[in-house]
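Subject: Structure handover

Hello,

Please find the structure below, with the sequence. My notes on it follow.

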Amino acid sequence: MSWIEENNKLTQTFTFKDFKQAWAFMNKVAIIVDKADHHPNWSNVYNKVDITLFTHDAKDSITEKDLKLSKEIDKIFKKY
């Protein structure tokens with residue numbers, strides 16, 4: 001996936017077959033972000049999940065944490 005870097009944030013929209021797949025994806029992402037203690041801003045509408053990554057502690061900019069997390073999220077998405 002190609003994340004969009006804009007306004008010191010990484011963003012991506014993930015599209016799924018239906019709501020159940022989108023929700024399952026969010027559940028899997030929730031586990032890794034909680035382990036990393038690095039939580040995204042995200043939203044879900046039916047089969048779409050929008051995710052925005054940035055680090056509050058770094059004055060709301062992109063850090064290595066965000067880049068690493070985006071790659072982990074992409075790995076999860078590839079399973080769908």
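Two strands are taken to pair if DSSP finds at least two bridges between them. On that basis, strand S2 (residues 9–15) pairs with S4 in the antiparallel sense, over 6 bridges. Please keep in mind that this is a predicted model.

Strand pairing

S4 (residues 48–53) has an antiparallel pairing with S3 as well, over 5 bridges. S4 therefore pairs with S2 and with S3, given the requirement of at least two bridges. On the S2 pairing, Leu 10 is the residue that stands opposite Leu 53 in S4. For Trp 42, the bridge partner in S4 is Ile 51, and Asn 44 stands opposite Val 49 of S4.

S3 and S4 are joined as a hairpin, with 2 residues between the strands. Tyr 46 sits in the turn and has a positive phi of about 50°.

The surface patch

Which residues make the nonpolar surface patch? They are Phe 19, Trp 23, Val 45 and Tyr 46, and the patch comes to about 450 Å². Two of these names tie the patch to the hairpin: Val 45 lies in strand S3, which covers residues 41–45, and Tyr 46 is in the turn between S3 and S4.

Is Val 45 buried or exposed? Its relative accessible area is 61%. Exposed means over 50%, so Val 45 counts as exposed.

The protein as a whole

The secondary structure consists of 2 helices and 4 strands. Their order along the sequence is β-β-α-β-β-α. With a radius of gyration of 12 Å, close to the 12 Å that the globule rule gives for 80 residues, the protein is as compact as a globular protein of that length. The C-alpha trace spans about 35 × 25 × 20 Å along the principal axes.

Of the 80 residues, 36% are buried. The accessible surface of the protein is about 5400 Å², and carbon and sulfur atoms account for 51% of that.

As for contacts, take those with a separation of 6 or more: 61% of them are between residues 24 or more positions apart.

To sum up, S4 pairs in the antiparallel sense with S2 and with S3, and the hairpin of S3 and S4 has Tyr 46 in its turn. Tyr 46 also belongs to the nonpolar patch, together with Phe 19, Trp 23 and Val 45.

Regards

Notes. Residues numbered from 1 in each chain as written. Predicted model: local features only at pLDDT ≥ 70, side-chain atom pairs only at ≥ 80, totals over all residues. Heavy atoms only, no water. Patch = residues over 30% accessible without salt bridge, like charges linked within 9 Å, V, L, I, M, F, W, Y side chains within 5 Å. Areas by Shrake-Rupley, 256 points an atom, 1.4 Å probe, with all protein chains shown as cover. Salt bridge = Lys/Arg side-chain N within 4 Å of Asp/Glu carboxyl O. Buried < 20%, exposed > 50% of the residue type's maximum accessible area, 1.4 Å probe, protein only. Rg over C-alpha atoms; globule rule 2.2 N^0.38 Å. Contact = heavy atoms within 4.5 Å.
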